[in-house]
Amino acid sequence: MLSHDPSVRAPSTIPGFASHRVPVTDGVALHTAVGGSGSPVVLLHGFPQTHLMWRHVAADLAADHTVICPDLRGYGASDKPAENADGTAYAKRTMAADIVALARALGHERFALAGHDRGALVAFRAGLDHPETITHLGILDIVPTLDMWNVLHGVSAAVGYHLFLMAQPPGLPEAMIAGSADAFFGSFLDAWANDPAALPTEVRAEYLRASAAAVTSIVADYRASAGIDITHDQADLDAGTRFAMPVTVVQQDWGAQLGYDAAGVWQAWAPDLDHRLTRAGHFMAEEDPAAIAAALRDLLKR
């Protein structure tokens, strides 16, 4: 398995994009790539990746949009605050507020938002908390947090073993993962890509390097999704809060694999929904960027 060889270097940012370090709250700045011009679109990366996962889609959208691709707090070259006892440091509510502050700092009061994997959970929360700010919402390959825990049961839950590992109290998960970081993070890059060639050697090495340097904050992000994020999502569900903006969801056929109605799950949250299935693997923005860019362009027309 490839380790994070320091001699193998990925581009520092998306080619043609400028890099910025943008303060979003006291003590936290986000490393951000910005390119293109036109109406703003913010793209949030997943695990175990950085903003570089958007390199193809971002270049496509930048032809007629201002495209903003940050590393999430706790990931990549962004700041990594310490986890706190109540979980708020890595609550998706806090991470969503980062993104709203980032866009505002760059001059955008309203913007379209799309996220993949962990970034999709941040986008989900941003859409619920900031309906006056998020104009369109794109979601790639997640189930909402509440539904995620509900559909993982029996032996089928093995596909999400890392969710249970990183939900444990601080200490053991961090030690176990740090002790074999390349093997741990690399296993997801291997298992979740239908087309390994979509993750070139230099990009894969960068993902491994960045993840190995962020074990504590990555675990804190996941731990929040087994605690405070559930509290926030349940409160919205109980209150009948739904997305006010058009929503597009693109995902693998998890419903068939885990035995639930995927489109129905999303319809409960998103009255204005375009739900699409893909044959690409989990890293669909890299494996089939043309289809993802097209889906986001269709979303932006709604």
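At 1.5 Å a residue, the twelve residues of helix H8 should span 16 Å, and the C-alpha atoms at its ends are 16 Å apart, which agrees. The expected span of a helix is here 1.5 Å times one less than its number of residues. Helices (H or I, at least four residues) and strands (E, at least two) are DSSP runs, numbered from the N terminus. The model is a predicted one, in which local features need pLDDT of at least 70 and side-chain atom pairs count only at pLDDT 80 or more, while totals for chains, interfaces and linings use all residues. Residues are numbered from 1 along each chain as its sequence is written, and side-chain values use heavy atoms, with hydrogens and water left out.

The buried residues of H8 are listed as Val203, Arg204, Ala205, Glu206, Tyr207, Leu208, Ala210 and Ser211. Buried means under 20% relative accessible area, exposed over 50%, and partly exposed in between (1.4 Å probe, protein chains only). The cover over the buried residues of H8 includes H1, H7, H9 and H13, where contact means heavy atoms within 4.5 Å. Valine 203 lies in this helix and counts as buried because its relative accessibility is 3%. Between valine 203 and methionine 53 there are 8.5 Å in space, C-alpha to C-alpha, although the two are 150 residues apart in sequence.

Helix H7 (residues 181–192) also has twelve residues, which at 1.5 Å a residue should span 16 Å; its end C-alpha atoms are 17 Å apart, which agrees. Buried in H7 are Ala181, Asp182, Phe184, Phe185, Gly186, Phe188, Leu189 and Trp192. These residues pack against helix H5 (161–165), helix H6 (172–179), helix H8 (201–212), helix H9 (215–224) and helix H13 (284–287).

For the chain as a whole, 14 helices and eight strands are assigned. A compact globule of 302 residues would have a radius of gyration near 19 Å, and the 18 Å of the chain agrees with this. That radius is taken over C-alpha atoms, and the globule rule is 2.2 Å times the number of residues to the power 0.38. The C-alpha trace spans about 45 × 45 × 40 Å along its principal axes. Of the 302 residues, 58% count as buried. Among contacts with a separation of 6 or more, 76% come from residues 24 or more positions apart. The exposed area of the chain is about 11300 Å², of which carbon and sulfur atoms supply 56%; accessible areas come from the Shrake-Rupley method with a 1.4 Å probe, and for residues only the protein chains shown count as cover. There are 20 positive and 34 negative side chains, and the centres of the two sets lie 3 Å apart. Lys and Arg count as positive and Asp and Glu as negative, with His and the chain ends not counted; each charge is placed at NZ of Lys, CZ of Arg, CG of Asp or CD of Glu.

Helix H2 (residues 92–105) has 14 residues, for which 1.5 Å a residue gives an expected span of 20 Å; its end C-alpha atoms are 20 Å apart, which agrees. Its buried residues include Lys92, Met95, Ala96, Ile99 and Val100. Glycine 107, with a positive phi near 95°, follows the helix. Two residues of H2, Lys92 and Ala96, are touched by arginine 125, which also touches Arg93, His232, Asp233 and Asp236, not counting residues up to four places away in sequence. Arginine 125 belongs to helix H3 (residues 118–129) and is buried, with a relative accessible area of 2%. Threonine 133, in the loop between H3 and E6, is buried at a relative accessible area of 3%. With residues up to four places away in sequence left out, threonine 133 touches Val100, Glu109, Arg110 and Phe111.

Most residues other than glycine have a negative phi, and most peptide bonds are trans. Aspartate 117 has a positive phi near 55°. This residue is in the loop between strand E5 (111–116) and H3, and counts as buried at 8% relative accessibility. Aspartate 141 likewise has a positive phi, of about 60°. Its loop joins strand E6 (134–140) and helix H4 (145–151), and aspartate 141 is buried, with a relative accessible area of 5%. The peptide bond from phenylalanine 47 to proline 48 is cis, with omega near -5°. Proline 48 is in the loop between strand E3 (39–44) and helix H1 (55–61).
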